[in-house]
Structure formats: C-alpha cells, structure tokens
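User: Could you walk me through this fold and tell me how each label is earned?
Analyst: Happy to, and please keep in mind that the model is predicted.

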Amino acid sequence: MNAQTERFTIDGPVGAIEIAIDRPAGAPRGITLVAHPHPLFGGTLDNKVAQTLARAFVQLGYAVVRPNFRGVGKSAGEHDKGIGERDDLLAVIDWMRQQPGWETLPLALAGFSFGTFVLSHVAKTLEAAGTPAQRLVFVGTAASNWEVATVPADTLVIHGEMDDTVPLASVLDWARPQTLPVVVIPGGEHFFHGLLPLLKQLVVDAWRH
C-alpha cells in the first residue's frame with residue numbers, strides 16, 4: 001500500500017497465511033485486522049475497500065494486518081465457507097498479540113462484504129474467550145448472503161444506498177433486531193466507486209468521537 005507496508009506469510013491452521021502489514025509513522029496506539037471480500041469472486045487483501053479501511057486506521061495511529069483468505073495469493077488451503085477462514089483469522093490475531101509492543105494494544109476488527117461475516121464470528125469467539133475486540137467496523141455487510149452474527153452495539157456499520165450486491169434492506173433487516181444504527185452513503189454501490197475518500201473519512205471521524 002505504501003513504503004510502510006510489509007508482506008510475508010505466517011503459519012496458520014492449514015499452512016501459510018499471507019499477510020500485509022501497514023504501519024503508522026510512530027509507535028502504534030492499537031492494532032487492526034482487516035478482512036477482505038469473498039475470495040471466490042476475486043476478493044484479496046489488495047481490494048480497494050480493504051485498503052481504504054487500512055488507510056483509515058493507519059491515519060488513526062493503528063498498525064493494520066490484512067490477511068489473504070485460504071487459497072488467495074500465497075495463503076494455503078481452499079475456501080471453507082467462512083469456518084476455516086474464521087479459524088485462520090483467530091490464528092492471525094494470536095500472532096498479532098505476540099508481536100513485540102503489540103501484546104496489550106487494543107484490537108479493532110474491520111471487514112468488507114464476506115469479511116464482515118467472518119469477522120462477526122471471530123468477534124463472538126473473542127468475546128466468549130474474555131478477550132473482546134475494542135470495536136468493529138463493517139462495510140458492505142454481507143447480510144443477504146451469509147449468517148452474519150449479532151455484533152456489539154458500538155459497531156460502525158456503513159453501507160451504500162445503491163448496493164445491488166448486498167441490498168440495503170437486508171442490512172437493515174439484520175440491524176433492526178439489534179437496534180443497530182447503519183450509516184448510509186447516498187448513491188454508494190457495493191465498492192463505493194468514487195466515494196472511497198468519504199468512506200475513509202467516515203471511519204476516521206467516527207473513531208475519534
């Protein structure tokens with residue numbers, strides 16, 4: 001993503017997991033895991049929305065880790081409908097928490113599309129273990145295609161008004177029983193073409209308040 005980005009593999013449950021790390025200029029004040037869209041439809045850690053989320057958190061002073069899901073890039077394994085992907089992300093979080101200086105930093109989870117489905121179950125697992133994430137950011141929440149779990153009340157949910165991949169109505173149906181607010185970007189479609197700077201600013205502003 002920039003000169004501060006590193007890319008390599010770490011060990012996961014079924015082999016290598018490729019990750020990119022985006023670092024802030026100074027010592028990080030937190031760490032963020034960013035999950036990309038569906039791998040069978042071309043989703044990778046280089047997805048523009050995933051990169052936008054990473055840029056937002058780097059601006060906030062967080063170190064960001066963007067893994068490739070199973071079978072993508074240099075990540076081993078095959079697509080596992082979110083189950084294996086959840087286990088892989090939990091392994092990445094374990095690795096993150098073992099890095100020098102990162103052990104006690106707050107953890108944020110940020111996902112786009114299929115990544116929101118996987119992260120919703122990652123968040124549940126972390127909460128049950130007594131190590132919950134600081135906060136979640138969900139963009140293009142995959143509520144029409146996957147069983148996205150309930151999320152904490154302070155989750156930032158952002159969706160495009162004109163999203164025809166995940167209709168806004170399905171996200172509202174998922175959010176309504178949780179009384180969970182949804183930030184709607186007028187005219188935005190699934191990949192927020194032309195609106196990525198606005199998306200980034202919404203995340204930054206929301207996090208600071």
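User: Which residue stands opposite Val-139 in β7?
Analyst: That is Ile-158.

User: What makes β6 and β7 a pair of strands?
Analyst: Pairing needs at least two bridges found by DSSP. Three bridges join β6 (residues 135-139) to β7 (residues 156-160), so the two strands pair. They run parallel.

User: In what order do the strands of the sheet come?
Analyst: The order is β1-β2-β4-β3-β5-β6-β7-β8, eight strands in an open sheet with mixed pairing. Neighbouring strands are turned by 20° against each other on average, direction ignored.

User: Why are β1 and β8 called edge strands?
Analyst: Each of them, β1 (5-12) and β8 (183-185), pairs on one side only.

User: How do you know how helix α2 runs relative to β3?
Analyst: Angles run from 0 to 180 degrees between N-to-C directions, and α2 (residues 83-97) makes about 160° with β3 (30-35), so its direction lies toward the upper end of that scale. Helix α2 lies across β1, β2, β3, β4 and β5. Helix α5 (residues 196-208) lies across β4, β5, β6, β7 and β8, running at about 160° to β7.

User: What lines the largest pocket, and how many of those residues are charged?
Analyst: The pocket has a volume of about 250 Å³. Of its 15 lining residues, the closest to the centre are Pro-37, His-38, Phe-41, Ser-113 and His-190. By class, seven are nonpolar, eight are polar and none is charged. Only Asp, Glu, Lys and Arg count as charged, so His-38 and His-190 fall among the polar ones.

Technical notes
Residues numbered from 1 in each chain as written. Predicted model: local features only at pLDDT ≥ 70, side-chain atom pairs only at ≥ 80, totals over all residues. Heavy atoms only, no water. Helix = DSSP H or I, 4+ residues; strand = E, 2+ residues; numbered from the N terminus. Contact = heavy atoms within 4.5 Å. 1 Å grid on protein atoms, 1.4 Å probe; cavity = no way out; pocket = protein on both sides within 12 Å on 5 of 7 lines; lining within 4 Å. Points joined across faces, edges and corners; volume = space filled by probe spheres on them.
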